[in-house]
Amino acid sequence: MSSEKSQFTTNLEDIEHFSTENYTARKPQLVVLHYTAGSDKSSLEWLAKSRDSGVSAHYLIKGDGGIVQIVRDGMRAWHGGRGVWRGLSDINSLSLGVEIVNWGYDDVHVPEEVDRSSCVMLSGSPLKWFPFPEEQFRSIAELLVDFKERWDIQPSLFIGHSDIAPGRKVDPGPLFPWERLYKEFGIGAWVEDLERDLCFVTLPQAGKEILWTQLRLRDYGYGCPLTGELDEGTQAVVQAFQMHFRPSLIDGKPDVETRLILAHLVDLYCYN
Ligand SMILES: [Zn+2]
């Protein structure tokens, strides 16, 4: 090889620089919702004040609905960890993270003095979940409407931490009001009519239900195993799906209703 430089190569120190006004900050594509499993105070400490926590989020929604911005929208907050959605794995680079003050489910991590009287059990789970107060829900909705308008976030790209990391994460949990967000504010994806015609999806043949479910979960965005068997990983994904789209029964089993909701979601949001 010749040691002389070709006229077509440029050393990095020779790069020319120009500027333009024709650019903007990169656009977030996903919104990932979380609960903090803490109080207002401990959540803010964890997300904003502790150097060692290694986590952050763009926004924190306090118990009374107060909104705190911690990281600017155009920057990369550290809230997703390991996870995947629609084949994208660097979720933090692509998303806005919203942490919601909520204890999640009743467990040893919840201090004695916390009021548990409003906790709710759901079929298919032994846990008692903390609901989201109305004023907090309204703040979340307003913020997400603002995201949708400013950043043009597509419906199926408003997701929960459990959607990108099934089995590892359960937040924002099955009481998070995805249905109300859709019906009252037009945010996120939802299936209103299970009777509508499916245009682009064929339902499973008898005996092929599990593989069909795994393929459709992948189509919709989940990082689902493709084994044809209801293994532990698949059950975790099905349960994450149910917590988001069919919270009345969250047992991780892909029953007929679960499959039908999934088929409609793929038809409504993946092929249009
Ligand atoms: Zn989370």
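**Exercise 1. The sheet**

In what order do the 5 strands of the open sheet stand, and what kind of pairing do they show?

Solution. The model is a predicted one, and the steps below read it strand by strand. The 5 strands follow the order β3-β2-β4-β1-β7 in an open sheet, and their pairing is mixed. The next step is to look at the edges: β3 (67-69) and β7 (158-160) each have a single partner strand, so one side of each is left without a neighbour in the sheet. From one strand to the next, the twist averages 25 degrees.

**Exercise 2. Strand pairs inside the sheet**

Describe how β2, β4, β1 and β7 are joined, and give bridge partners for residues in them.

Solution. Begin with strand β2 (residues 59-61), which runs parallel to strand β4 (residues 95-100) and is joined to it by 3 bridges; here Tyr-59 stands opposite Val-98 in β4. Helix α1 (residues 40-49) packs on the sheet, where it touches β2, β3 and β4, and the direction of α1 makes about 180 degrees with that of β2.

Continue with β1 and β4, which pair in the parallel sense over 6 bridges. In this pair Tyr-35 stands opposite Ile-100 in β4, and the bridge partner of Val-32 in β4 is Gly-97. Then turn to β1 and β7, which also pair in the parallel sense, over 3 bridges. Val-32 has Ile-159 as its bridge partner in β7, and this residue of β1 therefore has a bridge partner in β4 as well as in β7.

**Exercise 3. The faces of β1 and β4**

Which residues of strand β1 (residues 30-35) lie on one side and which on the other, and are they buried or exposed?

Solution. Take β1 as a whole before its faces: 6 of its 6 residues are buried, and the strand is mostly covered. Dividing the strand by side, Leu-30, Val-32 and His-34 lie on one face, while Val-31, Leu-33 and Tyr-35 lie on the other, and all are buried, which leaves both faces covered. The same steps apply to β4, where again 6 of its 6 residues are buried. Its two faces carry Ser-95, Gly-97 and Glu-99 on one side and Leu-96, Val-98 and Ile-100 on the other, all of them buried.

**Exercise 4. Helices α6 and α8**

Check the spans of α6 and α8, and then work out how the two helices meet.

Solution. For helix α6 (residues 209-220), 12 residues at 1.5 Å a residue should span 16 Å, and the end C-alpha atoms are 16 Å apart, which agrees. For α8, the 14 residues should span 20 Å at 1.5 Å a residue, and here too the end C-alpha atoms agree, being 20 Å apart.

The buried residues come next. In α6 they are Trp-212, Thr-213, Gln-214, Arg-216, Leu-217, Asp-219 and Tyr-220, and what covers them includes α7 (232-245) and α8 (256-269). In α8 the buried residues are Thr-258, Leu-262, Ala-263, His-264, Leu-265, Val-266 and Leu-268, and these pack against α6 and α7.

Two packed helices are described by the angle between their axes and the distance between the axes. For α6 and α8, the axes come within 10 Å and cross at roughly 35 degrees, and the crossing is left-handed. The contact brings Glu-209, Thr-213, Arg-216, Leu-217, Asp-219 and Tyr-220 in α6 together with Arg-259, Leu-262, Ala-263, Leu-265 and Val-266 in α8. Sorted by kind, the residues of this contact are 6 nonpolar, 1 polar and 4 charged.

**Exercise 5. What follows α6**

Where is Tyr-222 found, and is Tyr-222 buried or exposed?

Solution. Just after α6 comes Gly-221, which takes a positive phi of about 145 degrees. Tyr-222 is found in the loop between α6 and α7. To decide on its burial, count the neighbours: with a cut-off of 20 or more other C-beta atoms within 10 Å, Tyr-222 is buried because there are 25. Leaving aside residues up to four places away in sequence, Tyr-222 touches Asp-163, Pro-166, Leu-217, Val-237 and Phe-241. As a last step, compare positions along the chain and in space: Tyr-222 and Val-266 are 44 residues apart along the chain, and their C-alpha atoms are separated by 12 Å.

Definitions and conventions. Residues numbered from 1 in each chain as written. Predicted model: local features only at pLDDT ≥ 70, side-chain atom pairs only at ≥ 80, totals over all residues. Helix = DSSP H or I, 4+ residues; strand = E, 2+ residues; numbered from the N terminus. Expected span 1.5 Å × (residues − 1). Buried ≥ 20, exposed ≤ 12 C-beta atoms within 10 Å, placed from the backbone. Contact = placed C-beta atoms within 7 Å. Axes fitted to C-alpha atoms, helices over the stretch in contact; angles between N-to-C directions. Left-handed = near helix turned anticlockwise from the far one by under 90°. Nonpolar A, V, L, I, M, F, W, Y, C, P; charged D, E, K, R; others polar. Pairing = 2+ DSSP bridges.
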